[in-house]
There are 2 protein chains.
Amino acid sequence: MARKTKAEAELTRQQILEAALHAFHVRGVSRTTLEEVAKAAGVTRGAVYWHFANKTELFFAMREQISLPLLDKGHSLILAENLADPLDGIEQSILALFQAILESERVRQMFEIIFLRCEYVDDFAGVLEELNKPGLQFLVDAELAYRRAQAKGTLRDGLDPRALAMDTLAFVRGLFHQLLASPEEREWPRRIPAMVRAHVALRRAQSPCDPAAAESAGAALPRRTRRQ
Amino acid sequence: MARKTKAEAELTRQQILEAALHAFHVRGVSRTTLEEVAKAAGVTRGAVYWHFANKTELFFAMREQISLPLLDKGHSLILAENLADPLDGIEQSILALFQAILESERVRQMFEIIFLRCEYVDDFAGVLEELNKPGLQFLVDAELAYRRAQAKGTLRDGLDPRALAMDTLAFVRGLFHQLLASPEEREWPRRIPAMVRAHVALRRAQSPCDPAAAESAGAALPRRTRRQ
DNA sequence: CATTTTACATACATGCATGGTTGTATATAC
DNA sequence: GTATATACAACCATGCATGTATGTAAAATG
């Protein structure tokens with residue numbers, strides 16, 4: 001057919017990416033055919049091969065487009081300056097991540113593809129390291145946040161920031177997978193914020209030997225009003 | 001060729017399962033060809049099709065054979081009676097799970113296949129529910145264990161057993177995925193037990209206003225001697 | 001000992017996904 | 001305004017994975 005203008009070409013590129021997202025989500029990465037992607041995007045395989053060298057590059061492009069903004073936001077939230085309590089930064093960044101998944105169909109589908117509909121071998125083995133990088137970044141950021149909280153006295157005594165960071169990372173990752181593995185559960189929007197807050201609350205300092213304070217700080221489902 | 005005796009047939013069945021484990025691990029489930037499995041097992045595709053209807057059934061059989069014993073062991077450990085502290089049951093069952101992965105190549109490969117080399121669509125969508133079942137079981141068991149600890153006074157005050165169980169499940173699942181995602185890390189054998197013990201230690205009761213006790217109970221890397 | 005069933009190996013038919021090639025009409029550069 | 005690069009569509013060749021059908025020799029059955 002006729003040649004398209006640059007803007008139109010970019011549009012079909014986006015349509016192909018969007019079609020790939022849905023196709024990968026429904027059929028899994030390896031079973032999806034570029035023919036399916038093309039048809040869903042309203043083009044032929046020729047167009048797909050024009051914009052992307054092969055299925056692997058299409059996958060990487062799709063993933064990158066959706067995940068990069070999320071990582072930036074999380075990183076900036078956790079280490080936000082001028083926080084009354086650095087633990088709030090940890091709490092907020094985790095909450096933001098899960099809210100993004102709960103609110104955006106696209107984001108959730110992308111993560112479902114990455115964690116449940118992709119086989120990490122051959123070309124895709126490299127993605128694993130990519131997936132670890134945000135985790136390592138969170139580990140560093142969280143440890144620093146915990147250390148700041150320790151300095152400010154908002155962290156419980158006797159806890160090691162590094163160990164806490166690893167524990168929190170495991171918690172986030174696990175909750176992540178639980179959410180992705182059972183997306184039909186309608187309680188998540190209420191349950192997840194409660195679990196995240198309970199997780200952080202376990203680590204907050206409590207006035208020693210003050211029963212009232214201990215109760216509010218250690219409660220499993222604290223109804224604290226959000227700061228900031 | 002010649003017909004084999006029943007014992008020999010069972011042996012080739014096991015060889016096929018073993019070959020499938022390795023093939024799935026190296027090439028991913030969807031990319032592995034039954035021809036590859038057959039060749040690795042020293043038979044032809046005819047033998048594979050004789051013992052298993054198709055790749056899906058082969059996958060299920062492989063998974064079931066390895067995972068069933070693990071689930072039984074974990075369940076019995078967490079709810080073991082006559083424990084001085086029910087929290088030790090939680091700790092021990094989690095430790096046993098990770099030890100199984102760290103010690104057995106077969107077990108680790110099986111989990112890597114399940115979590116990193118399989119796409120959960122079509123025939124395999126049902127596996128997701130299977131994967132959730134152990135989690136739900138652990139949730140029930142852990143909540144009960146936390147409740148028992150609460151009754152015995154070994155649990156910190158102000159904590160909700162149900163919320164704790166969900167938190168611990170998320171922690172275990174997350175640590176699980178971290179371990180599987182970076183198996184080359186040689187520190188896991190030391191790090192994981194420390195993290196598990198630190199996780200449980202955060203929830204143990206501490207004698208209020210006793211600095212010495214608080215320090216030992218809340219320490220991030222407690223060197224407690226194992227009970228039982 | 002005759003019959004049947006078992007435990008495979010071998011061969012065949014089918015479909016489909018991939019990658020490459022070619023064609024082409026138009027936007028863009030000069 | 002001409003030349004060239006662009007943005008695809010259409011066509012083709014190849015290979016490979018699956019499933020099934022058939023062959024077969026020995027074990028199991030009675």
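**View 1. D122(B) sits in a loop of chain B.** The loop that holds D122(B) runs between α6 (105-116) and α7 of chain B. This is a predicted model. The phi of D122(B) is positive, near 55°, and the residue is not a glycine. Most residues other than glycine have a negative phi. Is D122(B) buried, partly exposed or exposed? Its relative accessible area is 45%. Buried needs under 20% and exposed needs over 50%. D122(B) is therefore partly exposed.

**View 2. N82(A) is a loop residue with a positive phi.** Here the view moves to chain A. N82(A) belongs to the loop between α4 (55-78) and α5 (86-103) of chain A. Its phi is about 40°, although N82(A) is not a glycine. The relative accessibility of N82(A) is 73%, so the residue counts as exposed.

**View 3. DNA strand C is surrounded by 22 residues.** Both chains take part: the closest residues are R3(A), T33(A), R45(A), R3(B) and T44(B). Which helix gives the most to the surface near DNA strand C? It is α3(B), with four residues. At least two residues each come from α3 (45-51) of chain A, and from α1 (6-27) and α3 (45-51) of chain B. Now look at the DNA side. Of the strand C atoms within 4 Å of the protein, 70% belong to sugar or phosphate. The rest belong to bases.

**View 4. Three side chains of chain A meet DNA strand C.** Start with R45(A). An N or O atom in its side chain is 2.4 Å from a base nitrogen of DNA strand C. Y49(A) meets the phosphate instead: an N or O atom of its side chain is 2.7 Å from a phosphate oxygen of strand C. K55(A) also points to phosphate, with a polar side-chain atom 3.5 Å from a phosphate oxygen of strand C.

**View 5. DNA strand D has 23 residues around it.** Those that come nearest are R3(A), T44(A), R3(B), T33(B) and R45(B). Sugar and phosphate make up 69% of the strand D atoms that come within 4 Å of the protein. For this strand, α3(A) gives the most to the nearby surface, with four residues. The helices that each supply at least two residues are α1 (6-27) and α3 of chain A, and α3 of chain B.

**View 6. Side chains from both protein chains meet DNA strand D.** T44(A) has a polar side-chain atom 2.5 Å from a phosphate oxygen of DNA strand D. T33(B) has a polar side-chain atom 2.5 Å from a sugar or linking oxygen of strand D. In the side chain of K55(B), an N or O atom is 3.4 Å from a phosphate oxygen of strand D.

**View 7. R156(B) is buried without a salt bridge.** R156(B) lies in the loop between α7 (125-152) and α8 (161-181) of chain B. How far away is the nearest side chain of opposite charge? That side chain is D157(B), and it is 8.0 Å away. Beyond its neighbours within four places in sequence, R156(B) contacts residues of both chains. From chain A come R156(A), L202(A) and Q206(A). From chain B come L202(B), R203(B), R204(B), A205(B) and Q206(B).

**View 8. F98(A) belongs to the largest nonpolar core.** This core has 132 residues. F98(A) and F98(B) touch the most other members. Leaving out residues up to four places away in sequence, F98(A) touches V172(A), L175(A), F176(A), L179(A), I192(A) and V196(A).

Methods:
Residues numbered from 1 in each chain as written. Chains lettered and ligands numbered in written order. Predicted model: local features only at pLDDT ≥ 70, side-chain atom pairs only at ≥ 80, totals over all residues. Heavy atoms only, no water. Core = buried A, V, L, I, M, F, W, Y, C linked by side-chain atoms within 4.5 Å. Buried < 20%, exposed > 50% of the residue type's maximum accessible area, 1.4 Å probe, protein only. Contact = heavy atoms within 4.5 Å. Lys, Arg positive; Asp, Glu negative; His and termini not counted. Salt bridge = Lys/Arg side-chain N within 4 Å of Asp/Glu carboxyl O. Near = heavy atom within 4 Å. Polar contact = N/O pair within 3.5 Å; in protein donor to acceptor, adjacent residues only side chain to side chain.
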